[in-house]
Amino acid sequence: MRHDHVAIIGGGFSGTLLAVNLLRHDGPRATLIERRPHTARGVAYAAAHPDHLLNVRADNMSALPDDPGHFARWLETAHGGRIKGFAPRLVYGDYLDALLAETVARSGGRLRVVQAEAIDVAPGADGMRVMLAGGEAIVADHVVLAPGNLPPHTPAGIDPSVLPAGCYAADPWSADIAADLAPDDVVLVLGTGLTMVDIALLLDARGFGGRIVALSRRGLLPRPHAEGVAKTQRAERPEPTAVGLLRAVRTRAREIEWRSAIDELRPYTQSIWRAMALPERHRFLRHLRAWWDVHRHRLAPSVWDKIEAMRADGRLDVGAAKLIDAHPDGDHAIVRYRPRHGDTVGTLRVRRIVNGTGPQGDLTATQEPLLRALTGRGLLRADPLRIGIDVDQDSQAIGRDGTASDRLIAVGPMTRGAFWEIVAVPDIRRQAWSVARRLSNAQWVGGEGL
Ligand SMILES: Cc1cc2nc3c(=O)[nH]c(=O)nc-3n(C[C@H](O)[C@H](O)[C@H](O)COP(=O)(O)OP(=O)(O)OC[C@H]3O[C@@H](n4cnc5c(N)ncnc54)[C@H](O)[C@@H]3O)c2cc1C
């Protein structure tokens, strides 16, 4: 098979890093297709506010797995050592921008960035034909899908069409979520995880002094990072069952700090997931996922302090409840909810409802034209847990007939069905690096054992 040209659809972190690594490994030429005006930053590092910080320390945020100090050195040069620890996400976006621009400049035309939406991919005798919304087509030997997460679904009980204009905010990172709010308004956030924290910080930064109520089934808040937590190593992989994992973490958390007990699982997480039988994976998602998320994906300490201060001032209430429905009331909405422990029904009069339920991955429910087209063609299918795109251990897309394609590959958080731990930079950078090396035929040359 020829390896002359790779088309990468989606120019966020995953797609950009794939393109950068193809060039670094002297691989095939690449075309990076991104529909937004900004390439490289993606969702996480574009629409952030200066108060939105990375939730991983700078010394573990290098985009290049074989050069762990790359981001820290860039920070030192670009910001003269003024930013340490948890850098603003916007600054990380600048870093990715700079990395891509430098790679394009050095590529001698081997890396091209195209601003367009890809709407379909058709396999043919001459290669994979990527159809763009404007009617053009790009032919490549391989196509890598890097579309990022699917946007959150509209929560059950919410019908945006009956609510007053501006009352329901589907995009939690839109600056509009703070528009036209009065000081005595109440904003309801659906979700209590990292997205909710972003929303609360954004409302605070925009001067909203009213009350924010955040509700989720369990009402769990992400936990904070702490200084001076010891790096420990596990002697062996825990038993690959939901109960086995829970037991292993609880036992270790009695011996060492709980953060260390979670962090030392990291080298094993993908292999535990791989070894888990499907019913165990279901069990993990149903019973442990919410707990895993809040302990594993933590807040920078300064962000935790801000959130705690808002709670102490009565400006942020976090609760466990299930939304029942929302009805219009002038330019407000009356929301009914059922608290987790109790038979009562609570009501709230709110000016805005923000969807902070977090990203989705169910391919069968997506409205994305490209993913629908590929699923319709039988080139993609949902993974058995319906949390993303089904891929094999080489990130090759598995089609309707169960065959993995060596021409269609997927990277990034939508491959979580196969890898689970594939949402944050340290895992995605490794995946992008490995796929790029394979497409460059460089997998046998040095650099193994990262
Ligand atoms: C708010 C937020 C904060 C995060 N913070 C951290 C952090 O602090 N530390 C950490 O390690 N991880 C963090 N993450 C996780 C991780 O870094 C991101 O999930 C990662 O950036 C994912 O990148 P991506 O390229 O796969 O997806 P995205 O960033 O979503 O990029 C996908 C891109 O594909 C484009 N696209 C999609 N479909 C098409 C199409 N058909 N045609 C053309 N273009 C298309 C989209 O426009 C988009 O730009 C965060 C994630 C989020 C959402």
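Helices here are DSSP runs of H or I with at least four residues, numbered from the N terminus. With that convention in hand, the surroundings of the ligand in this predicted model can be described element by element. Helix 1 provides the largest share of the shell around the ligand, namely three residues. Helix 1 spans residues 13–24, and strand 2 (29–34) and helix 12 (425–439) join it in each supplying at least two residues of that shell. In total, 31 residues surround the ligand, and the closest of them are G10, G12, G42, G148 and G412. Sorted by class, the shell comprises 16 nonpolar residues, 10 polar ones and five charged ones.

Helix 1 appears again in the setting of helix 3, where it is among the elements that cover the buried residues. Helix 2 (70–79) and strand 3 (111–115) are also included in this cover. The buried residues of helix 3 are R89, V91, Y92, G93, Y95, L96, L100 and T103. An α-helix has 3.6 residues a turn, so residues three or four places apart point the same way. The length of helix 3 can be checked too: its 18 residues (89–106) should span 26 Å at 1.5 Å a residue, and because the C-alpha atoms at its ends lie 26 Å apart, the expectation and the model agree. After helix 3 comes G108, which has a positive phi, near 60°.

A further point of interest is the meeting of helix 4 (residues 194–205) with helix 9 (residues 301–312), whose axes come within 11 Å and cross at roughly 70°. The two helices are therefore roughly perpendicular to each other. On the helix 4 side, the contact is made by V197, A200, L201 and D204, while helix 9 contributes V303, K306, I307 and M310. Six of the residues in this contact are nonpolar and two are charged, with no polar residue taking part.

A closer look at A200, which is found in helix 4, adds detail to this picture. A200 counts as buried because it has 26 C-beta neighbours inside 10 Å, where 20 or more are required. Leaving aside residues up to four places away in sequence, A200 touches I212, I307, M310 and L316; of these, I307 and M310 belong to the helix 9 side of the contact just described. A200 and L299, by comparison, are separated by 99 residues in sequence and by 13 Å in space, C-alpha to C-alpha.

Note on methods
Residues are numbered from 1 along each chain as its sequence is written. This is a predicted model: local features need pLDDT of at least 70, side-chain atom pairs count only at pLDDT 80 or more; totals for chains, interfaces and linings use all residues. A residue is near a molecule or strand if its C-beta atom, placed from the backbone, lies within 6 Å of it. Ala, Val, Leu, Ile, Met, Phe, Trp, Tyr, Cys and Pro count as nonpolar, Asp, Glu, Lys and Arg as charged, and the others, Gly among them, as polar. Axes are lines fitted to C-alpha atoms, for helices over the stretch in contact, and angles run from 0 to 180 degrees between N-to-C directions. Angles under 35 degrees count as roughly parallel, over 145 as roughly antiparallel, 65 to 115 as roughly perpendicular and the rest as oblique. Two residues are in contact if their C-beta atoms, placed from the backbone, lie within 7 Å. The expected span of a helix is 1.5 Å times one less than its number of residues. A residue is buried if 20 or more other C-beta atoms lie within 10 Å of its own, exposed if 12 or fewer, and partly exposed in between; C-beta atoms are placed from the backbone.
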